[in-house]
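I opened this model to note down confidence, chain contacts and a few single residues. The entries follow in the order in which I looked things up.

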Amino acid sequence: MSDQTVQNFESLAPSAGQKFTQRVLPLAVFALIILIIPMFNPSNLMLTLLNVMGINIVFALSYNMLLGRGGLLSFGHAVYFGLGGYAAVHAMRAIENASYGDGGFWASYPVFFLPVIGFGVGALAGAIIGWPSCRRAGTPFAMISLGVAELIAAAGFMFGSIFGGEEGISGDRMNGPELFGLSLGPINEVYWFIAFWTILGTVGIYAFTRTPLGKMSEATRDNPERVEFVGYDPQRVRYLVFIFAGGFAGLAGGMAAVQYEIFTPEAVSLAPSGMVLLMAYIGGIRYFAGPILGAVVLTYMQSMLSDYSEAWLLYLGILFMAIVMFAPGGLAGIVAGLFNGLRADDRSERVSKWAIMVVGCVLAFVGLVALVEVAIRWSNGYGEVFEPFGMHLPTASVLTWVLIVLPLAAGFAILRFGATRNKEGQA
Amino acid sequence: METIVFSLLNGVIYGLLLFMLSSGLTLIFSMMGVLNFAHASFYMLGAYFAYTISEASSFWIALIFAPILVGLIGAAVERWGLRTVHVNGHVAELLFTFGLAYLIDEVVKIIWGRNAVDYRVPELLDFPLFELFGAQYPAYRIFTLFVALAMLAGLWFILNRTRAGLIIQAALTHPHMVGHLGHNVPRIFMTVFGVGCALAGLAGVIGGNYLVTDPAMAVQMGPIVFVVVVVGGLGSLMGAFLAAMLLGLLQTFAVAIDTRFADIFGFLGLSETSEVGAISIASLAPMLPFLLLVIILMVRPRGLMGDREL
Amino acid sequence: MTVAALSITDLKKNFGPAEIIRGVNLEIEKGERHAIIGPNGAGKSTLFNLISGGYHPSSGSIKLNGAEIGGTKPFQINRMGLSRSFQVSNIFANMSVRENVRCGVLYSMGYGYSFWRNVGNLKEVQRKTAEILERVDLLDKANLPAALLPYADQRTLEIAITIAGGAEVILLDEPTAGMSHSETDRAVALIKQATEGKTLLIVEHDMGVVFNMADRISVLVYGEIIATGKPSEIRGDPKVREAYLGDEADALEGDAA
């Protein structure tokens, strides 16, 4: 019997069908969604939003190579995005100069392939900065990444010829040879450019997780000591992963260079580094699709919610804290939990639990929004009044405070009730 | 000579301020392993509370009550926030405080607006104390010096002369042992977190009007506080003190030096008009702490006086 | 005479003023099964850590097949053909059993830090993984998450990862700790079979296991080896009986009987 099993060793691995449904299919669906979106004739505003989402998807996925797969918390990942992007803008200018001047290498380099430059420079920066950073994981790694980010951000304002000072460096994407008949002028042509690189970047990062190095990165995250005793140097594993993460961040930077045609020192500062951390974590770092989800949701919030409310960063902070405290699996974890729950035997029980939680969260959220929005208008002092759904809610009115306190209190009470019931259920 | 004396004075005061700010974080980090990202946010809260209280009553009342208020908020954050996250490990805790810093920033902007508030030095102390080389030296700076020294003395007294202080000292170097001795660890953690935040709040009361009170003050100070704690070393208040002084003096002196790279490396042919040559030592001042941080982490991961590695 | 698989000379290790290993000399021949016994605190774990690269020796030398390995990093020692298990299960809890073993296989098959190959397509790695799993009888649990395995199976997986790289010298640190009688018997049979033809150095508290498995035994007391010899020699050695007081001496006798 045993001889047979070993001969059929392949039956141990997932079958071709499983591989297809679990690996190929999700990526194919993802690519398909990207490819059919233009059929719905999105507006230019929508296209811009989608392009930014594409950039952020690759950026967040590259970040998760560190945090999710490697267990490395970085506060300076935008450094590689920014340096890759700056390199791409400089290359874009070189293309422009070469095509109006004496030609040469840059005259024949298509703008379409600028993300390759971004990848190269991002990886190079990763190789240089990663060397001292990757000796330790955990808090020392986080602190070094923070220190390096501060240093590069400060240098950004110091070296004008590279970073362009306050105004940054700008270029023009409509130069050089055209590829696939795309002039890259109008935004819908840029969409195809972004789509191409988003799909390529996503597939590339996914493929990385399937390589021996990618697998050992996960092993190093969970148990660096054991990794040493199966012949691997954990520092080397971290270092190599760091270079690839830097490269893919640079790729995203190259995409952004073509989309915006400008890079400012802001791009290497702490703010975008924090944002990509939020994207990956809110989306869910333990799932490959998590950062994609996070990038889509946060990009949407960033551009849409900021129109509705000045306090969108506050809502974002609250969302992040709630995820850290109550749902470490992130949005992807919640989705996966729902999906598994619906197929479990105690389905009805779970649904009732969720219903309680949803009601509690919605109520608390309503109260919170009312409080924040009223407070903002009071803070601005223009005498503006918060008027949701035709209601009139000035600071001094009793109704306002009822609408704030009642849902907040009720929401928290319900959530507490749900939590204690769960505990009793487990006991 | 003039520059040196002034830089020395200002450097010491700035260093003491940094120490006030970081001593709390050293306590928290050494005992709980939490590198509190929001620590500088509590410093900011201290400044804003002091502003509001001194508007309503007086600076002296603010000096006492603003830190207490900040400490209570800190304790509450530990009790109802950090404790929940604790089970998920240090990275989760770091992320929690990272989010908290975001949140406090936004709340401060809503309550006090996006611009700097007019938090002023109290009139009683708003006079030149003495004259040095023809320049007047403000009394408030010397007051700052004394408050910082008083805090230092108080901290030393509590840590070395009281029972609670001895427990804390034991916990600094051997965080796991204290629980075995039958002490209520969660309560100690909550107290230490609260006290640490209150110290940051005190630094805010003193520093808010010495420097500027605006919503960006937390982001400016936050990373520097980390540098002090990491460079000083885990479990060592003395190390934090040395690191704070070092940074304070380093930054103040760097700002005062008007030399450019071209002046130093001129013999290598570096010209004043070139980009690198035009960089002045003064403009490097904000980078120095982080350079120090990276170098220390690479060369000596336990910090100046730390008893164990980070 | 052939080169010893493992040869330790005048090995010393101190932590500050505390001298834990105080001059150990030990020769282990190729293919030998050698057990180290000794009371708690004798320095058995420290000795293991020194041999496998966890600690740097204070002085003395450790040679693996004639090559000095003292002070070398664990991953280098591992590549030279020495592998160890841990007293506390030290597995990759978030991975499946199959992936755990595969982690142990990868480097030895030459796929070190490769980032251009899909692990799923590496046929010989899959075959080797399946072979190892079969040898330790975990084939039917191959796709379970390692964290969900029962305790005894986690211990087995620990051994599987240890032998996966094909090392010729295997160090096992209390492989049967915490197991029931029947589990221990199974584990012993499994270890014997899985390490067939290899050099085995084992630390063990269970005297039954030791006398059943070992070709030779060394007794480590307070950082020194007081006796080395065949099980029968050790059994009768008065110094050993002196070191093992009371119950344990009886256990020694009981198991020997």
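**Entry 1: chain B overall**

I started with chain B, which has 13 helices and 2 strands. I keep in mind throughout that this is a predicted model. The C-alpha trace of chain B spans about 65 × 50 × 40 Å along its principal axes. I then checked the radius of gyration: chain B has 20 Å, and a compact globule of 310 residues would have one near 19 Å, so the two agree. I also looked up burial, and 46% of the 310 residues of chain B count as buried. For contacts in chain B with a separation of 6 or more, I noted that 74% are between residues 24 or more positions apart.

**Entry 2: annotated segments of chain B**

I looked up the UniProt record, an unreviewed entry, for chain B. It lists "transmembrane region" for residues 12-38, 58-77, 139-159, 188-212, 224-257 and 277-299. I checked two of these ranges against the model. Residues 12-38 of chain B are 78% helix and 0% strand, with 25 Å between the end C-alpha atoms. Residues 139-159 of chain B are 100% helix and 0% strand, and their end C-alpha atoms are 30 Å apart.

**Entry 3: Ile281(B)**

I picked one residue in chain B. Ile281(B) sits in helix H12 of chain B, which covers residues 281-284. Is Ile281(B) buried or exposed? I found neither: Ile281(B) counts as partly exposed because 18 other C-beta atoms lie within 10 Å, and a buried residue needs 20 or more. Apart from neighbours within four places in sequence, Ile281(B) is in contact with Ala254(B), Ile257(B) and Thr259(B). I also took a distance to Phe253(B), which is 28 residues from Ile281(B) along the chain; their C-alpha atoms are separated by 9.5 Å.

**Entry 4: chain A, confidence and domains**

I went on to chain A and its confidence values. The mean pLDDT of chain A is 85, and 95% of its residues reach 70 or more. Which elements of chain A have the lowest and the highest mean pLDDT? I found helix H1 (residues 2-7) of chain A lowest, at 48, and helix H11 (residues 234-260) of chain A highest, at 93. Residues 1-6 of chain A have a pLDDT below 50, and this stretch has 6 contacts in the model beyond near neighbours in sequence.

I noted the domain assignment as well: chain A is divided into domain 1 (25-313) and domain 2 (344-426). The C-alpha centres of these two domains of chain A lie 37 Å apart.

**Entry 5: Phe244(A)**

I chose a residue in H11 of chain A, namely Phe244(A). Phe244(A) has 25 other C-beta atoms within 10 Å, so it is buried. Not counting residues up to four places away in sequence, Phe244(A) touches Met65(A) and Phe208(A). I also looked at Ser183(A), which is 61 residues from Phe244(A) in sequence and 30 Å from it in space, C-alpha to C-alpha.

**Entry 6: where chain A meets chain B**

I counted 33 residues from chain A and 36 residues from chain B in this contact. On the chain A side, helix H6 (138-156), helix H7 (160-163), helix H14 (312-326) and helix H16 (347-380) each supply at least two residues. The largest share comes from H6(A), with 12 residues. I sorted the chain A residues by type and got 24 nonpolar, 7 polar and 2 charged.

**Entry 7: where chain C meets chain A**

Here 35 residues of chain C are in contact with 27 residues of chain A. Helix H2 (74-79), strand S6 (82-84), helix H3 (97-106) and helix H4 (123-135) of chain C each give at least two residues to the chain C side. H4(C) gives the largest share, 5 residues. By type, I got 16 nonpolar, 12 polar and 7 charged for the chain C side.

**Entry 8: H3(C)**

I finished with H3(C). How many residues of H3(C) are buried? I found 9 of the 10, so H3(C) is largely enclosed by the rest of the structure. The buried residues of H3(C) include Arg98(C), Arg102(C), Cys103(C) and Leu106(C). I then looked up what covers them, and found that the cover includes helix H9 (212-222) of chain A, together with H4 and helix H5 (151-164) of chain C.

Methods:
Residues numbered from 1 in each chain as written. Chains lettered and ligands numbered in written order. Predicted model: local features only at pLDDT ≥ 70, side-chain atom pairs only at ≥ 80, totals over all residues. UniProt positions renumbered as here; feature names shortened; annotations may be inferred. Helix = DSSP H or I, 4+ residues; strand = E, 2+ residues; numbered from the N terminus. Contact = placed C-beta atoms within 7 Å. Nonpolar A, V, L, I, M, F, W, Y, C, P; charged D, E, K, R; others polar. Rg over C-alpha atoms; globule rule 2.2 N^0.38 Å. Buried ≥ 20, exposed ≤ 12 C-beta atoms within 10 Å, placed from the backbone. Domains from an automatic or database assignment. pLDDT = per-residue confidence, 0-100.
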